[in-house]
Amino acid sequence: MGRRIHFVVDPQGWCCMGLIIFVWLYNTIFIPKVILFPHYEEGHISVIAILCYYFCSLFCIASLLRASVADPGKLPENPKIPITEREYWELCNKCNMMRPKRSHHCSRCGHCVRRMDHHCPWINNCVGEDNHWLFLQLCFYTQILSTYTLILDFCHYYYFLPLKREKWDTTSIEKMSNCCEDVSRPRKPWQQTFSEVFGTRWKILWFIPFRQRQPLRVPYHFANHV
């Protein structure tokens, strides 16, 4: 069976696809510019980390585009049913066409699909017998790319920035208003700052949402500068 392009006319699916592509494009441009390239120039990461990110990003968008335009297993209008397999076929009560068992009619696509799993608006296509493997690839590479991005973000704020001795004890408004230019201001260790933000010195509890935050006592020489 040759490769057939399957294009679904569905505005809702187009919006979902557009949103996914926008998020992918934003992260593909933003993450390397803010995290990968600066830390590569500073010698914190190797070029392999950058290549791995673009590799995952490329395979993610490729699997998305292929899954969205691949034929999910659309049945032909006049299928040739072998005599020995007629007992495994049935009549669709929506399009009045013969179809193999385990096939389903998709109201979005307007036809029956062999071994249809579901209609996914995020790829604007059905997930069926012929493109199920592409959908699984998309889920796999999306998970890999998302996990890799979270790891990069975590390393950026938790490891790389402390190496640069950034002023952690400043809010976004203070940074924007240039209120923290006093070089004589004592700097807290980043662990102390995070402990005050999360209300505990136990780092494992920083990731637990099912608890109450208890304010920590701030040392006097730090409290006078808050």
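Here are a few friendly questions and answers on the salt bridges and nonpolar cores of this predicted model.

Q: How many salt bridges does a search of the whole structure find?
A: One pair is Arg 114 with Glu 129. Another pair is Arg 114 with Asp 130. Searching the whole structure gives a count of two.

Q: How far apart are the closest N and O atoms of Arg 114 and Glu 129?
A: A salt bridge needs a side-chain nitrogen of Lys or Arg within 4 Å of a carboxyl oxygen of Asp or Glu. Arg 114 and Glu 129 form such a bridge, and their closest N and O atoms lie 2.6 Å apart.

Q: Where in the chain is Asp 130, the partner that Arg 114 reaches across distant parts of the chain?
A: Arg 114 and Asp 130 form a salt bridge with closest N and O atoms 2.8 Å apart. The two are 16 residues apart, with Arg 114 in the loop between β4 and β5, and Asp 130 in the loop between β6 and α3.

Q: Is Arg 114 buried or exposed?
A: Buried means under 20% relative accessible area. Arg 114 has 15% relative accessibility, so this residue counts as buried.

Q: Which residues do salt bridges with shared partners join into one network?
A: Glu 129, at 37% relative accessibility, counts as partly exposed. Asp 130 is also partly exposed, at 24%. Through shared partners, the salt bridges make one network of Arg 114, Glu 129 and Asp 130.

Q: Which helix supplies the largest share of the largest nonpolar core?
A: This core has 13 residues, and among those touching the most other members are Ile 31, Tyr 53 and Leu 152. Helices α1 (11-41), α2 (47-69) and α3 each contribute at least two residues. The largest share, five residues, comes from α2.

Q: How many residues make up the second, separate core?
A: Among the members of this second core are Cys 120, Ile 123, Leu 134 and Phe 135. The core is separate, and its size is eleven residues.

Q: Is Thr 149 buried or exposed?
A: Thr 149 sits in helix α3. The cut-off for buried is under 20% relative accessible area. With a relative accessible area of 11%, Thr 149 is therefore buried.

Q: Which residues is Thr 149 in contact with, leaving aside its neighbours within four places in sequence?
A: Contact means heavy atoms within 4.5 Å. With neighbours within four places in sequence set aside, the contacts of Thr 149 are Asn 27, Ile 31 and Tyr 53.

Terms used
Residues are numbered from 1 along each chain as its sequence is written. This is a predicted model: local features need pLDDT of at least 70, side-chain atom pairs count only at pLDDT 80 or more; totals for chains, interfaces and linings use all residues. Side-chain values use heavy atoms; hydrogens and water are left out. Buried means under 20% relative accessible area, exposed over 50%, partly exposed in between (1.4 Å probe, protein chains only). Helices (H or I, at least four residues) and strands (E, at least two) are DSSP runs, numbered from the N terminus. A nonpolar core is a set of buried Ala, Val, Leu, Ile, Met, Phe, Trp, Tyr and Cys residues joined through side-chain atoms within 4.5 Å.
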